[in-house]
Amino acid sequence: MAVPTQFAYRTLKGIGVIEAAPVYDSLRGFERPDGNLRCCVYSPCGRYFAWASPERVTVVDASIGHVITTLPAQNVYELGFSPLGTFIITWQRPSKDDNGDAVKNLKVWRVVEGGPDLGEDEHNIVGRFVQKSQTGWNLQYTYDEQYCARVVTNEVQFYQSGDLATVWNKLRVEGVTEFAVSPGENHSIAVFIPERKGQPAAVKVFNVPNFEAPVSQKNFFKGDKVQLKWNDQGTSLIVLAQTEVDKSGKSYYGETTLYLLSANGGFDSRIDLDKDGPIHDVTWSPNSKEFGVVYGYMPAKTTIFNTKANATHDFALGPRNTILFSPHGNFVLVAGFGNLAGQMDIYDMENDYQKICTIEASNASVCEWSPDGKHILTATTSPRLRVDNGVRIWHVGGGLMYNEELQELYHVTWRPQSPKSHPLENPLHPMPTPHASALAYLGTVKTPSKPAGAYRPPGARGTLTPLAFKREDEGGAAYVSNGSLSLGLGVNGFGKPRKREIPGAAAMAEDNQATTGAAPAEGDEYLSKAAAKNKKKREARKAKDAADKATGLAPTADGVSSVTAINPSRSPERRVPKGHERNRSRGQLDARPRSQQGKKEQRQPERQPQRPPLPTSAANGTSAKAPQEAPELSVTSPGGGGTPQDKKTRALLKKLRAIDDLKMRRAGGEKLEGTQIKKMDTEDEIRRELEGLGWND
């Protein structure tokens, strides 16, 4: 008879251990602890279950629930076991003693006492270390617990598991930040060195204890941090490299690349992915001969690769970001959690990847296969979501087997068991009977009478959906990033740059460049709207200057331009181009009071240039039909100077206008600065200078 499966959970009020299929009941002999329990964990071998309370750490037999030992470790925040369950590791927050020295907060204990003659507090402590960071706090053991390792500055230290007081061997690697010990029979270790001073990042694989030279190595750029994933046999390593910032501008979340290395150095390669976008998940199959990758912009693509990085199967596109193989490797789960809908697709790998079912597990934050390969556990946990917390167990055929709602669920996990304890059989026949809790839950779920689709405005209802608004897996256009993070610059319909259109006006052809007179220069499509507008203005100004120069309207060196009177009937002031007019406040003398300067200006006849007499046929003795010569007019350009007296008068008048403005501000109740008050005191002096120059109000 197969060993029954088991799972444990931790909530705000305590810890529970549940016997799973087919009984779905609490473990007999286990007394549920209450209070502030910070963590709980199973040993990798499945023999022990431990949890930490503020006063101690308790270890129980996972099969019957009886207490095996308690450790006098207070305020433990992390727990871990060695692979065979011989040692238990505890981590406490860093602190200092009375002398100001760091307390050794990482401790390794024996689960079973070493002897009765040892002290009560020291009877099973194997080693102590100072471990400041909670990330990567635990020791890494070889599969047989012969050695364990931890990383320190520029080296990885190896210890014999029974003697942690003496360093057995050292792997010296400059700049090492992460490492991973292989789980297989061959003792191997992979280390990661990030980019440094222009040098590429590197992953090196060494055989323990031969640390003279790596047996396999891969150098690459774009690697700020990595995930090192060994297969179960320890023969191949997947390196998922990631950068904090994507310099190409394609993603807010950095850039990801995937590499594959063999432990013996016979193969290393970058895994080429045929869809742009991030890598969401990568997982080894239990057979260690293949792995799955979920990658690309949504809808993502899921592909199975072999150990030579060759694609063997592609799944249908969909909103997915998780892939999990069953413990026996005969099923694979492809799901979308997080901000996705929570759909799980189950495929039979032994039956040509035939799809078995799709399970709706909305709001799930935990998803794990059961050790028997027949059930899937999903849970909604805090603080990811503080409502609807609970545990659900699904059958691989798609049915809900168990449901339990819990208040503030923090952690849930299956008890580890070897696949050999659960013989491989057909899990689809016969289908098991659901637990009463599942039937009660299904009775409360309301089935929607009509499938809810995406909202469509009234004007678009009853029409076909444009391809631009369809997902790629629904026949829409594939998403392609053009390297810009700003909205509206994509090529998949949503971000396509749109032309400015005026309602009711005729549409302009895309290649019509009549308004600018020239085709757009290379790279104009990447200019911002303001930059493109300014560039058009500059080009138009250049074209106008060239046209004026060709017709004789260009200004000469002395600032005087010649104007050809094409229409003699027009007044001389209207023959002056508008581009040569200047505001009164910029350079022209305006002697009017400030209160009248905003009014429309009346032209002064005496200041207008006199119109010269037009030549007549009698005066020049020519026929009336002969073309008349245009009179030569001289117009003073705005850049032209005037006498020094006029310049000084304009400057003094400008100061008077500023003083009038300060008076108005002070009258309005505004508090002026000292320099502004001093400026107002100079009004009389300025007026005397103007009278000396012959100017009167």
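Is Glu 683 buried or exposed in this structure? Select Glu 683 to begin: with a relative accessible area of 11%, this residue is buried, because buried means under 20% relative accessible area. Please keep in mind throughout the tour that the model on your screen is a predicted one.

**Helix α7**

With Glu 683 still selected, add Arg 687 and show both side chains, which meet in a salt bridge with a distance of 3.3 Å from N to O. The two residues are about one helical turn from each other, because they stand four residues apart in helix α7, which covers residues 683-692. Arg 687 counts as partly exposed, at 28% relative accessibility, whereas its partner Glu 683 is buried.

**Strands β14 and β15**

Salt bridges that share partners also join Glu 155, Lys 170 and Arg 172 into one network, and these three residues make a good next selection. Look at Glu 155 and Lys 170, whose side chains form a salt bridge at 3.9 Å, N to O. This pair links distant parts of the chain, since Glu 155 belongs to strand β14 (residues 155-160) and Lys 170 to strand β15 (residues 169-172), with their positions 15 residues apart. Colouring by accessibility will set the partners apart: Glu 155 is buried, with a relative accessible area of 10%, while Lys 170 is partly exposed, at 44%. A search of the whole structure finds 16 salt bridges, and this tour visits some of them.

Move now to Asn 154, which sits in the loop between β13 (147-152) and β14. What is the phi of Asn 154? Asn 154 has a positive phi of about 65°, although it is not a glycine. Most residues other than glycine have a negative phi. Asn 154 is also buried, with a relative accessible area of 18%.

**A second positive phi**

For another residue of this kind, select Lys 197, which is not a glycine and yet has a positive phi of about 55°. Lys 197 is found in the loop between β17 (188-193) and β18 (201-207), and, with a relative accessible area of 78%, it is exposed.

**Strand β20**

Continue to Gln 227, in strand β20 (residues 225-230), where a relative accessibility of 39% makes this residue partly exposed. If you draw a distance from the C-alpha of Gln 227 to the C-alpha of Leu 258, the two lie 9.8 Å apart in space, although they are 31 residues apart in sequence.

**The loop between β33 and β34**

Ser 382 is the next stop, placed in the loop between β33 (375-380) and β34 (390-395). Ser 382 counts as buried, at 4% relative accessibility, and its side chain reaches the backbone oxygen of Leu 385 at 3.4 Å.

Then select Arg 386 together with Glu 408, which form a salt bridge with their closest N and O atoms 3.9 Å apart. Arg 386 is in the loop between β33 and β34 and Glu 408 in the loop between β35 (400-405) and β36 (409-414), so the pair ties together parts that are 22 residues apart in sequence. Arg 386 is exposed, with a relative accessible area of 54%, and Glu 408 is partly exposed, at 22%.

**Two cis peptide bonds**

Where are the cis bonds that lead into Pro 22 and Pro 299? The bond from Ala 21 to Pro 22 is cis, with omega near 0°, and Pro 22 has its place in the loop between β2 (15-19) and β3 (25-26). The bond from Met 298 to Pro 299 is likewise cis, with omega near 0°, and Pro 299 lies in the loop between β25 (290-295) and β26 (301-306). Most peptide bonds are trans.

**A positive patch on the surface**

For the last stop, switch to a surface view and select Lys 533, Lys 537, Arg 538, Arg 541 and Lys 542, which gather in a patch of positive charge on the surface. One of these residues, Arg 538, is found in helix α2, which covers residues 529-550, and it is partly exposed, with a relative accessible area of 44%.

Terms used:
Residues numbered from 1 in each chain as written. Predicted model: local features only at pLDDT ≥ 70, side-chain atom pairs only at ≥ 80, totals over all residues. Heavy atoms only, no water. Patch = residues over 30% accessible without salt bridge, like charges linked within 9 Å, V, L, I, M, F, W, Y side chains within 5 Å. Areas by Shrake-Rupley, 256 points an atom, 1.4 Å probe, with all protein chains shown as cover. Salt bridge = Lys/Arg side-chain N within 4 Å of Asp/Glu carboxyl O. Lys, Arg positive; Asp, Glu negative; His and termini not counted. Charge placed at Lys NZ, Arg CZ, Asp CG, Glu CD. Buried < 20%, exposed > 50% of the residue type's maximum accessible area, 1.4 Å probe, protein only. Polar contact = N/O pair within 3.5 Å; in protein donor to acceptor, adjacent residues only side chain to side chain.
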